[in-house]
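Reader: I am new to protein models and would like to learn how to read one. Could you take me through it step by step?

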Amino acid sequence: MRSMKQVLIGVAFIGIIASLASALFFMMKGGQPGQPDDPKRASNMVRALAMRVGLSIVLFICILVAWKLGYIQPSGLPQNP
């Protein structure tokens, strides 16, 4: 069975990818060539990208705190002489 840490990190990665896909959707949606951009579409795209950045920062901080508290240990790369 997977540990709770692996599940939470996986859910965070899925959320990051979902918000990135959402921003792509808003970027590609609507609009005819030569027409001005829809401000609502642009604000939705900016909101999705800001959420992606926020989720990434929160995930990084959570992993850093878990390492500092000893919940996770770095395994490193094996050294071959």
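Author: Gladly! This is a predicted model. Let us begin with a term: helices and strands are DSSP runs, with at least four residues for a helix and at least two for a strand, and they are numbered from the N terminus.

Reader: How many helices and strands does the protein chain have?

Author: There are two helices and zero strands in the protein chain.

Reader: How can I check the length of a helix?

Author: Multiply 1.5 Å by one less than the number of residues. Helix α1 covers residues 4-28, which is 25 residues, so a span of 36 Å is expected. The C-alpha atoms at its ends are 36 Å apart, in agreement with that.

Reader: What does it mean to call a residue buried?

Author: A buried residue has under 20% relative accessible area, while an exposed one has over 50%. By that rule, 12% of the 81 residues in the protein chain are buried.

Reader: Which residues of α1 are buried?

Author: They are A12, I16, S19, A23 and F26. Here is a general idea to keep beside that list: an α-helix has 3.6 residues a turn, so residues three or four places apart point the same way.

Reader: What do the buried residues of α1 pack against?

Author: Their packing partner is α2, residues 39-69.

Reader: Could you show me one residue from α2?

Author: Try L55, which is found in helix α2. Leaving aside residues up to four places away in sequence, L55 touches G15 and I16. L55 and A12 are 43 residues apart in sequence, yet their C-alpha atoms are 7.1 Å apart in space.

Reader: Is L55 buried, partly exposed or exposed?

Author: L55 has a relative accessible area of 31%, so L55 counts as partly exposed. Compare N44, also in helix α2: its value is 15%, so N44 is buried. The side chain of N44 also makes a polar contact of 3.0 Å with the side chain of R47.

Reader: How do people look for empty space in a model?

Author: Rolling a probe the size of a water molecule over the atoms shows where empty space is left. In this model, the largest pocket has a volume of about 240 Å³.

Reader: Which helix gives the most to the lining of the largest pocket?

Author: That is α2, with six residues. Both α1 and α2 supply at least two residues each. The lining includes A12 and L55, the pair we met earlier, along with others such as M4, C62 and I72.

Key: Residues are numbered from 1 along each chain as its sequence is written. This is a predicted model: local features need pLDDT of at least 70, side-chain atom pairs count only at pLDDT 80 or more; totals for chains, interfaces and linings use all residues. Side-chain values use heavy atoms; hydrogens and water are left out. Buried means under 20% relative accessible area, exposed over 50%, partly exposed in between (1.4 Å probe, protein chains only). Contact means heavy atoms within 4.5 Å. A polar contact is a pair of N or O atoms within 3.5 Å; within protein, one must be able to donate a hydrogen and the other to accept it, and residues adjacent in sequence count only if both atoms are side-chain atoms. On a 1 Å grid over the protein atoms alone, a cavity is a set of points where a 1.4 Å probe fits but cannot get out, and a pocket is an open set with protein on both sides within 12 Å along at least five of seven lines; lining residues have an atom within 4 Å of a point. Grid points are joined across faces, edges and corners, and a volume is the space filled by probe spheres set on the points.
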